[in-house]
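Let's work through a few exercises together. Have a go at each one before you read the solution.

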Amino acid sequence: MKKEQVANCQFSVWYPIFKKHTIKSLILPLPQNVIEYLLDDGTVVVHGSEDSTQQTQTNTADGEEDQEDIQWSDDETTTTVTAPEFPEFNAKVQEAINLLGGSVFPKLNWSAPQDANWIALNNTLQCQSLRDIFLLLKSSDFIAHDFTQPFHRCSDDSPDPEIGYELVLRKWSELIPGGEFRCFVKENKLIGISQRDYTQHYQHIYKQQDQICSALLDFFQEHVQYKFLDEDFVLDVYRDSWGKVWLIDLNPFGPVTDSLLFTWEELTSGHDLMADQTEQGDVPAFRYTTSEVTVQPSPCLSYRIPRDFVDLSTGEDAYKLIDFLKLQKSQQDESDEEA
Ligand SMILES: Nc1ncnc2c1ncn2[C@@H]1O[C@H](COP(=O)(O)OP(=O)(O)OP(=O)(O)O)[C@@H](O)[C@H]1O
Ligand SMILES: [Mg+2]
């Protein structure tokens, strides 16, 4: 997997090519101060009025320079970080959310904050305001990865391509997990298809496997093949209840992308996966979870402990540990005084 392949899988690169076949989305460049806020490891205390639209209107006169309005309380034992506000960016985001119908699915150049959904009130990535978006983005290791190591596991030593970070807002769409599939494309050939949510057994997939496989192959041949910048890539698609196929995402062909019910060795080795099939010609290998026995735990489960607790328990973040101990001590002092 080359750096250039990863760069080509950024949302703003593939979206214009496949716009007609995917969920309506808007791309907003991230201002530098917002990037710094997202990367800052401080406590997330998002303030502001409940109604973010109102916030936008009352703050439009402010410059974005005011964002470093971090207020540290005098009491050193209870440090409160007030989240900065970004009035201009907030106005753009709110306008985009309104254009997309009021609810959006957020992601950056490559990743969505799927590992952070436990932190959201409704346990989904559905966002109605910049405040909802910030909470998810700041809590996600997947997002941190996009910022800090986008070219992790690339095989070439060339300099990293320049990245302009972007916030992608996609119209919120209720996708049924049993309708999602991941398609592996090598040398512009669809070699393998895997059920996306391999943690469950879906009867309809088992029953309609031939129809599903040919619908995805048709979609690929008609709308995707030879139209992308690379010949190796991974395509995520959705087959809706009317049988129409939609493109959901494009990912690099390599170990940063989860190979689901295949292994990367199988996918990259010379061994022809299609040889598994009968003499039907170019039929991709189609894999799905066959029975309840093979049901697996959800891959994002391990992310559900707040990172701070993990850092504290492993002693990875000394400052958090010191703050925690100070807080404990002050609480103890208070209760001593009361006694
Ligand atoms: N517009 C949307 N509305 C609601 N849910 C969505 C939307 N887009 C994607 N999803 C859901 O979120 C999941 C992850 O989305 P997406 O593939 O864009 O994230 P990702 O970070 O690229 O994931 P991966 O690391 O697996 O490639 C999808 O499988 C789908 O279930
Ligand atoms: Mg993806």
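**Exercise 1.** Work out how the residues of the shell around ligand 1 divide into nonpolar, polar and charged.

*Solution.* Start with the classes: Ala, Val, Leu, Ile, Met, Phe, Trp, Tyr, Cys and Pro count as nonpolar, Asp, Glu, Lys and Arg as charged, and the others, Gly among them, as polar. Sorted that way, the shell gives six nonpolar, four polar and eight charged residues. There are 18 residues around ligand 1 (each with a heavy atom within 4 Å of it), and the closest are Lys107, Ala112, Glu180, Arg196 and Asp249. Next, look at the strands (DSSP E runs of at least two residues, numbered from the N terminus): strand 2 (104-107), strand 3 (166-171), strand 4 (180-186) and strand 7 (245-251) each supply at least two residues of the shell.

A quick note on the model: it's predicted, so local features need pLDDT of at least 70 and side-chain atom pairs count only at pLDDT 80 or more, while totals for chains, interfaces and linings use all residues. Residues are numbered from 1 along each chain as its sequence is written, chains are lettered from A and ligands numbered from 1 in the order in which they are written, and side-chain values use heavy atoms, with hydrogens and water left out.

**Exercise 2.** Find polar contacts of ligand 1 (pairs of N or O atoms within 3.5 Å).

*Solution.* Take the side chain of Lys107 to begin with: one of its N or O atoms is 2.8 Å from an oxygen atom of ligand 1. Then switch to the backbone, where an N or O atom of Lys171 sits 2.9 Å from a nitrogen atom of the ligand. Ser173 also has a backbone N or O atom 2.9 Å from a ligand nitrogen.

**Exercise 3.** Which residues have a positive phi although they are not glycine, and where are they found?

*Solution.* One is Arg153, with a phi of about 70°; find Arg153 in the loop between helix 7 (141-148) and strand 3. Another is Tyr226, at about 65°, and Tyr226 is in the loop between helix 9 (209-224) and strand 6 (233-239). Helices here are DSSP H or I runs of at least four residues.

Notes
Polar contact = N/O pair within 3.5 Å; in protein donor to acceptor, adjacent residues only side chain to side chain.
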